[in-house]
Amino acid sequence: MKTNYHTHTNYSDGVTAVEEMVNCAIGNDYDIIGISDHSPVFFPSAWNMKYEKLQNYLSDLEQAKASTQGKITVLKGMEVDFFPNLNNIEYFKSFGLDYTIGSVHYLTQFPNGKAFNVDKSKDEFVQGLEQIFNGDIKKLATTYYNFVIEMVKNDPPDIIAHLTLIEKFNKSLKVIDTEAQWYRQLVFDTLEVISQSDCILEINARSWYKGLLDEFVPPLWAVKYAHDLNIPITINGDIHQPQEYGMFWEDAINFVKAANYSQLTIILDRQNRQTVKI
Ligand SMILES: [Zn+2]
Ligand SMILES: [Zn+2]
């Protein structure tokens with residue numbers, strides 16, 4: 001059983017149309033493909049979907065679902081940005097999505113009012129660290145994981161995206177000591193909150209196959225802890241280009257096995273989940 005619930009198309013920052021992405025998933029022997037473009041946001045953003053495209057997005061996904069029946073299961077998803085006190089994920093669920101992926105990309109604002117995106121670039125990460133958090137990485141990390149905790153408690157998605165996203169540029173920046181006890185405790189505390197929810201933890205392959213990190217996200221020590229807490233996981237490619245379908249599946253399976261997992265949790269439709277042995 002091969003599944004991928006994290007796929008971007010040209011409705012947000014992916015490169016190809018829905019139809020092509022679905023066809024490529026069929027060509028790569030996927031059984032279930034969830035399309036999950038970035039939700040619209042209330043400020044200018046090049047990578048988020050435009051509000052005026054939302055209805056087209058939903059009807060394109062319906063069409064892809066219908067036209068590929070018997071070949072692959074297409075699910076209507078969205079990667080929704082978490083914002084404190086906004087219930088943004090719940091809001092987008094009301095558009096009849098099969099599932100949501102919840103992400104903390106935006107972490108407060110720069111002094112000039114611009115949203116700080118921790119995922120965008122090394123330069124923006126450093127600027128945010130300096131200008132918003134006065135260079136205090138502990139403060140940045142604590143704010144980030146508190147946002148994730150708040151999301152899980154108050155606006156829970158079906159799937160939690162790239163849990164350790166703030167480590168994305170750390171291989172070159174080295175601003176986070178990921179072995180430090182204070183840092184690991186933040187991640188462990190967040191995983192404990194996740195274990196009390198119905199959320200599925202994503203094993204995100206993107207930074208690994210892009211060569212940004214040497215491991216999947218979250219890293220092995222965190223996934224082992226997730227296993228000890230019985231947190232359900234799913235493997236996602238966070239695919240933006242067709243060729244990425246073929247770049248991670250077997251390695252990701254070996255990675256989660258190394259963290260002692262013997263099963264993945266998959267979403268069949270809005271109401272039904274299932275575990276599959278690996
Ligand atoms: Zn994301
Ligand atoms: Zn994504």
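**Figure 1. What the buried side of helix α4 packs against.** The buried residues of α4 pack against β5 (106-109), β6 (115-117), α5 (137-154) and α6 (170-173). This is a predicted model, as are the views that follow. Helix α4 itself covers residues 122-131, and its buried residues are Phe-125, Gly-128 and Leu-129. Look around the helix axis and these residues take up an arc of only 100 degrees, so they sit on the same side of α4. Swing over to the other side and you find Asp-123 and Glu-130, which are exposed.

**Figure 2. Thr-108, a residue with a positive phi in strand β5.** Strand β5, one of the elements that α4 packs against, is home to Thr-108. Thr-108 isn't a glycine, yet its phi is positive, at about 55 degrees. Is Thr-108 partly exposed or buried? Thr-108 has 14 C-beta neighbours inside 10 Å, so it counts as partly exposed. For background, most residues other than glycine have a negative phi.

**Figure 3. Asn-87, a loop residue with a positive phi.** Asn-87 sits in the loop that links β3 (73-81) to α3 (88-93). Its phi is near 50 degrees, a positive value for a residue that isn't glycine. Asn-87 is exposed, because 12 other C-beta atoms lie within 10 Å and the cut-off for exposed is 12 or fewer.

**Figure 4. Helices α1 and α2 where they cross.** Helix α1 takes in residues 18-27 and helix α2 residues 54-67; their axes come within 10 Å and cross at roughly 35 degrees. The crossing of α1 and α2 is right-handed. On the α1 side, the contact uses Val-18, Glu-19 and Val-22, and on the α2 side it uses Asp-60, Leu-61 and Ala-64. Sort the residues in this contact by class and you get four nonpolar, two charged and no polar. While you're at α1, look for Glu-20, which is also in this helix. Glu-20 has 14 C-beta neighbours inside 10 Å, so it counts as partly exposed. Going from Glu-20 to Ile-132 takes you 112 residues along the sequence and 40 Å through space, C-alpha to C-alpha.

**Figure 5. Helices α7 and α9 where they cross.** The axes of α7 (residues 181-195) and α9 come within 10 Å, crossing at roughly 30 degrees. This crossing of α7 and α9 is right-handed. Which residues make the contact? From α7 come Val-187, Phe-188 and Leu-191, and from α9 come Ala-222, Tyr-225 and Ala-226. By class, that contact has six nonpolar residues, with no polar and no charged ones.

**Figure 6. A cis peptide bond in the loop between α8 and α9.** Val-217 and Pro-218 are joined by a cis peptide bond, with omega at about 0 degrees. For comparison, most peptide bonds are trans. You'll find Pro-218 in the loop between α8 (206-209) and α9.

**Figure 7. The open sheet and its edge strands.** Seven strands make up an open sheet with parallel pairing, in the order β1-β2-β3-β4-β7-β8-β9. The edge strands are β1 (3-4) and β9 (233-236), each of which pairs on one side only. Down at the β9 end, four bridges tie β9 to strand β8 (residues 200-204), and the two run parallel. To find one pairing by eye, start at Ile-203, whose bridge partner in β9 is Ile-235.

**Figure 8. Helix α10 and its two faces.** In α10 (residues 249-258), the buried residues are Ala-252, Phe-255 and Val-256. Seen down the helix axis they fall within an arc of 90 degrees, so they line one face of α10. What do these buried residues pack against? Their packing partners are β8, α9 (220-228) and β9. The face turned away from the buried side carries exposed Glu-250, Asn-254, Lys-257 and Ala-258. Just after α10 comes Asn-260, with a positive phi of about 80 degrees.

**Figure 9. The hairpin of β10 and β11.** Strands β10 and β11 form a hairpin, with five residues between them. Strand β10 spans residues 263-267 and strand β11 residues 273-277; they run antiparallel and are joined by five bridges. One pairing to look for is that of Gln-263, whose bridge partner in β11 is Lys-277.

Notes
Residues numbered from 1 in each chain as written. Chains lettered and ligands numbered in written order. Predicted model: local features only at pLDDT ≥ 70, side-chain atom pairs only at ≥ 80, totals over all residues. Axes fitted to C-alpha atoms, helices over the stretch in contact; angles between N-to-C directions. Left-handed = near helix turned anticlockwise from the far one by under 90°. Contact = placed C-beta atoms within 7 Å. Nonpolar A, V, L, I, M, F, W, Y, C, P; charged D, E, K, R; others polar. Pairing = 2+ DSSP bridges. Buried ≥ 20, exposed ≤ 12 C-beta atoms within 10 Å, placed from the backbone. Arc of directions from axis to C-beta.
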